Amino acid sequence: MADSSIQAVVLDASKPDRFVIRDVPSPLALANQAVVRVKAISLNRGEVRRSMTAPDGHRPGWDFAGIVEQPAADGSGPKAGSCVVGLLNTGSWSQLVAAPTQAIAPIGDNVKFSQAATLPVAGLTALHSLYKGGLMLGKSVLITGATGGTGDFACQLAKLAGAKVVATIRSPDREAFVKSLGVDHVVIGDDPSPAANFGPYQLIIDSVGGPHFGKVLAMLGVGGTHVIFGTTGGAEPTINASKFYSTGGVTLYGLIIFHELQHESPSIGLKKLADLVSAGKLVPHIELETSWRNVAEVAKNLMDRKFAGKAVLTLD
């Protein structure tokens, strides 16, 4: 690449907020990697949490969207000038990235970079969670933590698939927003027990855990699946094991998106999601959009739960 150095977010434990923007070497692409000029990134709690204990020099970042500057030398993937969305294991908070072509997908001309940047972790987690329920048409689905980025996408995708969707949220001030996603019923408050009135459920998508976990797990119907991908409400729940096994054929599935993507390339799901956004069938909701120069403040506010939904940072 022409640039000998670029700027990227790097961890510095000596700084109060840990996240700093520094000059780093320009990426050198392997044959199966495209070099992408990043235009927008999206923050996720998981990567911010990991950054709190990562060593100095760590380059955080998963989600990104941008323009291909240098296509892959092996001829795979989008050509130069293509607008793409992508996912990396680390290092996406950078002006340039070298991304495997199986980890990027083209986006439509009518899809903004900020919209596309919300899709990788949150969108793919929602999509792969729904995969665990099989054909969704006519099935009952319970989604906890529906105001989060993944919960938002899960509600929309489940409705697109023809499911009956019930969502749980903590605060009544988000009820109108969640109803706008097309859900059939909203349960508000710290106790999800009223959701049982709309069950049993063939699929539960859970990001809360904690006291919620045992209560919603008991709402599974025969042959149902409970997918848990987060524990914002606590990591050590109590369950009624007798109720669980006696329901019959029920499954508890722990989902980590990077594990799922060992079996299906990110590009496959990203293309599905980007196409839905382009067609106006899936709407990314951005709670906060600002410059990446504010990354430290936004990361802190994200962990302090000062906003719900997705935060997107745009690059200079």
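Is arginine 305 buried, partly exposed or exposed? Select arginine 305 and you will find that it is partly exposed, with a relative accessible area of 41%. On this scale, buried means under 20% relative accessible area, exposed means over 50%, and partly exposed is in between (1.4 Å probe, protein chains only).

Before we move on, a word on what you are looking at. This is a predicted model, where local features need pLDDT of at least 70 and side-chain atom pairs count only at pLDDT 80 or more, while totals for chains, interfaces and linings use all residues. Residues are numbered from 1 along each chain as its sequence is written, and side-chain values use heavy atoms, with hydrogens and water left out.

**Stop 1: around arginine 305**

Arginine 305 sits in the loop between α10 and β15. Helices (H or I, at least four residues) and strands (E, at least two) are DSSP runs, numbered from the N terminus. Check the backbone here: arginine 305 has a positive phi of about 55° although it is not a glycine. Most residues other than glycine have a negative phi.

Now select helix α10, residues 295–303. Its buried residues are Val295, Ala296, Val298, Ala299, Asn301 and Leu302. To see what covers them, add other elements to the view, including β1 (5–11), β2 (19–25), β3 (33–43) and α1 (45–51).

**Stop 2: strands β1 and β2**

Stay with β1. Because 5 of its 7 residues are buried, β1 is largely enclosed by the rest of the structure. β1 and β2 run antiparallel and are joined by 7 bridges; two strands pair if DSSP finds at least two bridges between them. For one such partnership, pick alanine 8 and look across to arginine 22 in β2.

In the loop between β1 and β2 you will find arginine 18. Its phi is positive, near 70°, and arginine 18 is not a glycine. Arginine 18 is buried, with a relative accessible area of 14%.

**Stop 3: the open sheet**

Which strands make up the open sheet, and in what order? Select the 6 strands in the order β10-β9-β8-β11-β12-β13, where the pairing is parallel. The edges are β10 (185–188) and β13 (251–254), each of which pairs on one side only. From one strand to the next, the twist averages 15°.

Zoom in on β11 (residues 201–206) and β12 (residues 220–228), a parallel pair with 5 bridges. Isoleucine 204 faces histidine 226 in β12.

Then step into the loop between β10 and β11. Proline 200 is there, and a cis peptide bond joins glycine 199 to proline 200, with omega about 0°. Most peptide bonds are trans. Aspartate 191 lies in the loop between β10 and β11 too; it is partly exposed, with a relative accessible area of 36%. For a long view, draw a line from the C-alpha of aspartate 191 to that of histidine 58: they are 133 residues apart along the chain and separated by 39 Å.

**Stop 4: helix α3 and its partners**

Select α3 (residues 119–131) and α4 (residues 149–160). Their axes come within 8 Å and cross at roughly 45°. Axes are lines fitted to C-alpha atoms, for helices over the stretch in contact, and angles run from 0 to 180 degrees between N-to-C directions. The two helices, α3 and α4, are therefore oblique to each other; angles under 35 degrees count as roughly parallel, over 145 as roughly antiparallel, 65 to 115 as roughly perpendicular and the rest as oblique.

Where α3 meets α4, the residues in contact include Ala122, Ala126 and Leu130 of α3 and Phe153 and Leu157 of α4. Contact means heavy atoms within 4.5 Å.

Next, add α9 (residues 266–278). α3 and α9 pack at an angle of about 100°, with their axes 10 Å apart, and are therefore roughly perpendicular to each other. Among the residues in this contact are Leu124 and Tyr131 of α3 and Leu270 and Val277 of α9.

Tyrosine 131 is partly exposed, with a relative accessible area of 32%. Not counting residues up to four places away in sequence, tyrosine 131 touches Glu264 and Lys272.

**Stop 5: glutamine 156**

Finish in helix α4 by selecting glutamine 156. What does glutamine 156 contact, leaving aside its neighbours within four places in sequence? The partners of glutamine 156 are Leu181, Lys281, Leu282, Val283 and His285. Glutamine 156 is buried, with a relative accessible area of 8%.
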